[in-house]
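Subject: Handing over the structure, with notes on what was found

Dear colleague,

I am passing on to you the structure we spoke of, together with its sequence, and I would ask you to keep it open while you read the notes below it.

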Amino acid sequence: MDCEVAREALSARIDGEREPVPSARVDEHLAECAACRAWFDQVSDQADLLRRLVRSRPVITPVGPFGPEAPAPQRARASWQRWALLGVGLAQSALAGAQGLGVSVGLSDHHGVAPGGHLLNESTSWSIALAVVMIVAAVWPRAAAGLAAVSAAYVGVLTAYVVLDSLSGAVTAARVLSHVPVVIGAILATMVWRSGDSRGPTPSSAASDPDIVLPENASRGRRRGHLWPTDGSAA
């Protein structure tokens with residue numbers, strides 16, 4: 001009997017399948033061929049190892065149409081930073097709305113800007129945009145990263161202008177105070193971004209594949225998760 005035919009029959013025997021040739025002839029060949037005996041012992045050991053690994057792994061119950069419905073994930077409670085950012089966003093929205101309606105917040109006295117002017121409209125639009133993003137970041141913390149970057153750059157440049165204008169007396173105290181919500185919003189956005197609220201769930205370490213030690217004579221195969229036969233056979 002050819003070794004390839006014998007090994008194919010032995011592979012089927014290990015898998016509990018019907019052997020393609022009579023078992024008696026396979027056993028006769030196995031008794032005469034030392035190479036096939038060594039191959040059969042090695043493959044049998046690998047098959048036993050795989051069976052033990054399968055029995056030791058936790059059973060995963062399917063969900064959906066093939067199993068019970070998975071429990072609804074519990075929604076994480078919002079942190080105080082997110083509540084504070086929501087409040088600052090609402091305050092900034094109210095301030096921008098008042099400015100858009102013509103209420104003086106110091107801008108009309110700043111560099112001679114007239115109510116309804118182009119610069120006033122741009123300032124109002126930017127203030128409303130910041131307020132909207134603050135509210136969005138409070139509800140959806142993943143947006144806090146972009147808000148923190150933009151607002152931090154804005155606050156840095158704005159601070160330089162406010163200092164220069166204050167030294168020249170070209171800015172009013174009311175206008176300086178109108179920038180406070182933006183500064184607080186930038187700080188809170190950074191805190192929300194650095195907190196765990198903006199990060200997604202991390203995979204559990206229990207779900208990772210266990211390390212598997214391959215036999216010393218294994219020529220190939222992955223060392224995590226799976227074992228492959230050293231000669232590419234079906235076993």
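What follows is a walk through the chain as a whole, then its salt bridges, then some of its helices and the places where they meet.

Please bear in mind throughout that this is a predicted model, and that the values below were computed from it.

The chain as a whole

The chain has 8 helices and 0 strands, and if you read along the sequence you will find the pattern α-α-α-α-α-α-α-α. Of its 235 residues, 31% count as buried. If you take the contacts between residues at least 6 apart in sequence, 62% of them join residues at least 24 apart.

The salt bridges

How many salt bridges does the count come to? The count comes to 3 salt bridges, and two of them involve Arg 13, which you may like to find before reading on.

Arg 13 forms a salt bridge with Glu 19, where the closest N and O atoms are 2.6 Å apart. The surroundings of these two residues can be described by their accessibility: Arg 13 is partly exposed, with a relative accessible area of 26%, whereas Glu 19 counts as buried because its relative accessibility is 15%, and the cut-off for buried is under 20%.

Arg 13 also forms a salt bridge with Asp 27, and here the closest N and O atoms are 3.0 Å apart. This pair links distant parts of the chain, since Arg 13 is in helix H1 (residues 3–14) and Asp 27 is in helix H2 (residues 23–32), 14 residues apart. Asp 27 counts as partly exposed, at 37% relative accessibility.

The remaining salt bridge is the one in which the side chains of Asp 48 and Arg 51 meet, at 2.9 Å from N to O. Asp 48 and Arg 51 are separated by about one helical turn, because they are 3 residues apart in helix H3 (residues 34–56). Asp 48 counts as partly exposed at 35% relative accessibility, and Arg 51 counts as partly exposed at 36%. Through salt bridges that share partners, Arg 13, Glu 19 and Asp 27 are joined into one network.

Helix H3 and what covers it

Asp 48 lies in helix H3, and this helix deserves a second look. Helix H3 has 23 residues and reaches 33 Å from its first C-alpha to its last, which is close to the 33 Å expected at 1.5 Å a residue. Its buried residues are Cys 36, Trp 39, Phe 40, Gln 42, Val 43, Ser 44, Gln 46 and Ala 47, and what covers them includes H1 and H2. Asp 48 and Ile 14 are 34 residues apart in sequence, while their C-alpha atoms are 9.5 Å apart in space.

Helices H6 and H8

Two packed helices are described by the angle between their axes and the distance between the axes. At what angle, roughly, do the axes of helix H6 (residues 144–168) and helix H8 (residues 180–194) cross? They cross at roughly 145°, and they come within 8 Å; the crossing of H6 and H8 is left-handed. On the H6 side, the residues that make the contact include Ala 144, Leu 147, Ser 151 and Tyr 154, and on the H8 side they include Val 182, Ala 186, Thr 190 and Trp 193. By class, the contact of H6 with H8 has 13 nonpolar, 2 polar and no charged residues.

Helix H8 has 15 residues and reaches 21 Å from its first C-alpha to its last, close to the 21 Å expected at 1.5 Å a residue. The residues of H8 that are buried are Pro 181, Val 182, Gly 185, Ala 186, Leu 188, Ala 189 and Val 192.

A residue in helix H5

One more place to visit is Ala 129, which is in helix H5 (residues 118–139). Is Ala 129 buried or partly exposed? Ala 129 counts as partly exposed, because its relative accessibility is 34%. The C-alpha atoms of Ala 129 and Gln 92 are separated by 9.6 Å, and these residues are 37 residues apart along the chain.

With best wishes

How values were computed
Residues numbered from 1 in each chain as written. Predicted model: local features only at pLDDT ≥ 70, side-chain atom pairs only at ≥ 80, totals over all residues. Heavy atoms only, no water. Salt bridge = Lys/Arg side-chain N within 4 Å of Asp/Glu carboxyl O. Buried < 20%, exposed > 50% of the residue type's maximum accessible area, 1.4 Å probe, protein only. Helix = DSSP H or I, 4+ residues; strand = E, 2+ residues; numbered from the N terminus. Axes fitted to C-alpha atoms, helices over the stretch in contact; angles between N-to-C directions. Left-handed = near helix turned anticlockwise from the far one by under 90°. Contact = heavy atoms within 4.5 Å. Nonpolar A, V, L, I, M, F, W, Y, C, P; charged D, E, K, R; others polar. Expected span 1.5 Å × (residues − 1).
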